[in-house]
Amino acid sequence: MLRRRWRLRLGTGFVARHHRTLSCRTEAEMPPPGRSQLWLGLVLGSVCSSLGSAVPSNAQDALNVLLIIVDDLRPSLGCYGDKLIRSPNIDQLASRSLLFQNAFAQQAVCAPSRVSFLTGRRPDTTRLYDFNSYWRVHAGNFSTIPQYFKENGYVTMSVGKVFHPGISSNHSDDSPYSWSVPPYHPSSEQYENTKTCKGPDGELHANLLCPVDVAEVPEGTLPDKQSTEEAIRLLEKMKSSTSPFFLAVGYHKPHIPFRYPKEFQKLYPLESITLAPDPQVPAGLPPVAYNPWMDIRQREDVQALNLSVPYGPIPVDFQRKIRQSYFASVSYLDTQVGQLLSALEALQLANSTIVAFTSDHGWALGEHGEWAKYSNFDVTTRVPLMFYVPGRTAPLPEAGDKLFPYINPFDSVSALMEPGREAVDLVELVSLFPTLAGLAGLHIPPRCPIPSFHVQLCREGQSLLKHFRFHDSEEDVALHGNPRESIAYSQYPRPADSPQWNSDKPSLKDIKVMGYSIRTIDYRYTVWVGFNPQEFLANFSDVHAGELYFVDSDPLQDHNMYNDTQGGDLPHSLTP
């Protein structure tokens, strides 16, 4: 039921006014000029320059940066209030950090999201909606976060999955632009999608569910274990360096297949695993908005279920097993993060290193009858985001005290650790670039002009530095700001109005519809409009479908109010 105070009837009138931006793109093969600020204006605000540099300019006093990027991790963590998940080491990091409760990715799929936040540009600027182009060739020679740190005297290093491998990073993880040394990929990565999962028949399969005895898998190890070992080796090497470092570590889990040490299943007995609270496809969900999770269906154990396409559903007992393995993969990931942070402190680097922790996007675990990512819902776009800044988000430890002692998730945990500080404003991953630069004391790149294809260094996201202005009073621990001034944007492409075999990951040439989504503190509003992939043109006069969900009354986004609100005006308080 619509709340009376909105007096809200959203429809084609709202589309025409609020999104006129992208319908103007025909004029220059570029992102929208002039009126495009209606769509981007709230997130391209000027930087809080009065905050000043975080550290001195002297290289010996500069803060290092450890950026941890996780694949497909939704905020199913203790520090985000999930009481089932055992994530004590990430929770411990959160207790020393500023944690953002409402952070969102700009597109819920790996390559587009990573290129977006690592360049500080939105997918409509990088022109990457799939996996099949390199932005420096396809869009513009945009600088990246590690490139900017490298150009400012940092030794930059990449371990694991930071950029998405393949064409989208020029088959080189954007080397040599972004990295001082060749990026590291674990050798056991090659076995991730091979037949290494022992099934009930005793044979090896390429399954979705793949708990393993690590001693029995090829090379006797797993990719994330190797990445942790290599990252620690690099930290040991940098301990004696006179140059500051920027180390990005990309962890694979909980990305599918769920291939993790089998002992982590013990943390999540099947009888304790519940289904998603809304496991049915919502009656009012437009077909174009549904993702048919085709990559899940390709796994041998899922194929054996003989599911109907596109809507399934997956049998209840197998749903529980998927959720069990996702949660177990998260706890396995947590041990790797814990070992890495413990080593950082043992090497006496924790007092001089910013730690940023995030994910490229979320992952649906049966909500709306969907699995995987590939949508604009909160479960796929919302991500964990936290920053530890030495002496700022947590006091420097006294002699003998430790910031990041390793915590075994199998040990009994008496209570969840609360985040050190929290911000509730909606923020975007595209803000990572200016925020890390500012925290490290570097000049924050300027706002991007419109268009910005010709500009190598600029940013399309807000700096989040204002959230790091802390005071001593208790009421400042939770940094609320004015949440109605914050907004997050995401988008997702589709090849057709109805689910089909390539709906989840359409190639650029096949994109016919683009779903543009606005998330405010009060609602999520999405319009699915015609899209021309040759001209990168979204036509907002060609509306295929719409979605409108009110957060207070419908937090799970199950009741689409779009068709009940046609023809009215955007509330004045939300007009850019």
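Let's start at helix H14, which spans residues 432-439 and is mostly covered: eight of its eight residues are buried. Reading along H14, you meet Leu432, Phe433, Pro434, Thr435, Leu436, Ala437, Gly438 and Leu439, the buried residues of this helix. Just after H14 comes Gly441, and its phi is positive, at about 85 degrees. Keep in mind that what you are looking at is a predicted model.

Now step back for the whole picture. The protein has 14 helices and 19 strands. Of its 576 residues, 62% count as buried. If you take the contacts between residues at least 6 apart in sequence, 76% of them join residues at least 24 apart.

How much of strand S9 is buried? S9 covers residues 353-359, and seven of its seven residues are buried, so here "buried" means under 20% relative accessible area. You can follow the side chains as they point in two directions: Thr353, Val355, Phe357 and Ser359 go one way, while Ile354, Ala356 and Thr358 go the other way, and all are buried.

What does S9 pair with? One partner is strand S1, residues 64-70, which pairs with S9 in the parallel sense over seven bridges. If you want a spot to look at, find Leu66, which stands opposite Val355 in S9. Another partner is strand S13, residues 385-388, and this time the pairing with S9 is antiparallel, over four bridges. Here Thr358 stands opposite Leu385 in S13.

Next, the nonpolar cores. In soluble globular proteins, nonpolar side chains tend to be buried together. The largest nonpolar core in this model has 82 residues, and the members that touch the most other members are Ile68, Leu247, Ile322, Phe357 and Trp363. Helix H12 gives the largest share of this core, with 13 residues. Apart from this core lies another one, of 49 residues, including Val65, Ile69, Val162 and Phe433. You've already met Phe433 as one of the buried residues of H14.

Leu247 is worth a closer look. Leaving out residues up to four places away in sequence, Leu247 touches Val65, Leu66, Leu67, Met157, Val159, Ala231, Leu234 and Leu235. Leu66 is the residue that stands opposite Val355 in S9.

Let's turn to the rings. How many aromatic pairs does the structure hold? There are 22. One of them joins Phe258 and Tyr326, edge-to-face, with 6.1 Å centre to centre and 85 degrees between the planes. This pair links distant parts of the chain: Phe258 is in strand S8 (residues 258-261) and Tyr326 is in helix H12 (residues 316-346), 68 residues apart. Are these two rings buried or exposed? Phe258 counts as buried because its relative accessibility is 0%. Tyr326 counts as buried because its relative accessibility is 0% too.

Tyr326 also forms an edge-to-face pair with Phe327, at 6.2 Å centre to centre and 80 degrees between the planes. Phe327 is buried, as is Tyr326. Put these rings together with two others and you get one aromatic cluster, formed by Phe258, Tyr268, Tyr326, Phe327 and Trp363. Trp363 is also among the residues that touch the most other members of the largest nonpolar core.

Rings can have charged company as well. The charged end of Arg127 sits over the ring of Phe536, 4.2 Å from its centre. Likewise, the charged end of Arg297 sits over the ring of Trp293, 3.7 Å from its centre.

Here's one more residue to find: Gln147, in helix H8, residues 145-151. Why does Gln147 count as buried? The reason is its relative accessibility of 3%, because the cut-off for buried is under 20%. Setting aside neighbours within four places in sequence, Gln147 is in contact with Arg136, Phe142, Tyr177, Ser178 and Gln456.

Finally, how confident is the predictor? The mean pLDDT of the protein is 87, and 85% of its residues reach 70 or more. Over residues 473-478, though, the pLDDT is below 50, and this stretch has six contacts in the model beyond near neighbours in sequence. Residues 567-576 also stay under 50, and the model has 26 contacts for them beyond four places in sequence.

Conventions: Residues are numbered from 1 along each chain as its sequence is written. Side-chain values use heavy atoms; hydrogens and water are left out. Buried means under 20% relative accessible area, exposed over 50%, partly exposed in between (1.4 Å probe, protein chains only). Two strands pair if DSSP finds at least two bridges between them. Rings of Phe, Tyr and Trp (its six-membered ring) pair if their centres lie within 6.5 Å; planes under 30 degrees apart count as stacked, over 60 as edge-to-face and the rest as tilted. A charge sits over a ring if NZ of Lys or CZ of Arg is within 6 Å of the ring centre and within 35 degrees of the ring normal. pLDDT is the predictor's confidence in each residue, from 0 to 100. Contact means heavy atoms within 4.5 Å. A nonpolar core is a set of buried Ala, Val, Leu, Ile, Met, Phe, Trp, Tyr and Cys residues joined through side-chain atoms within 4.5 Å.
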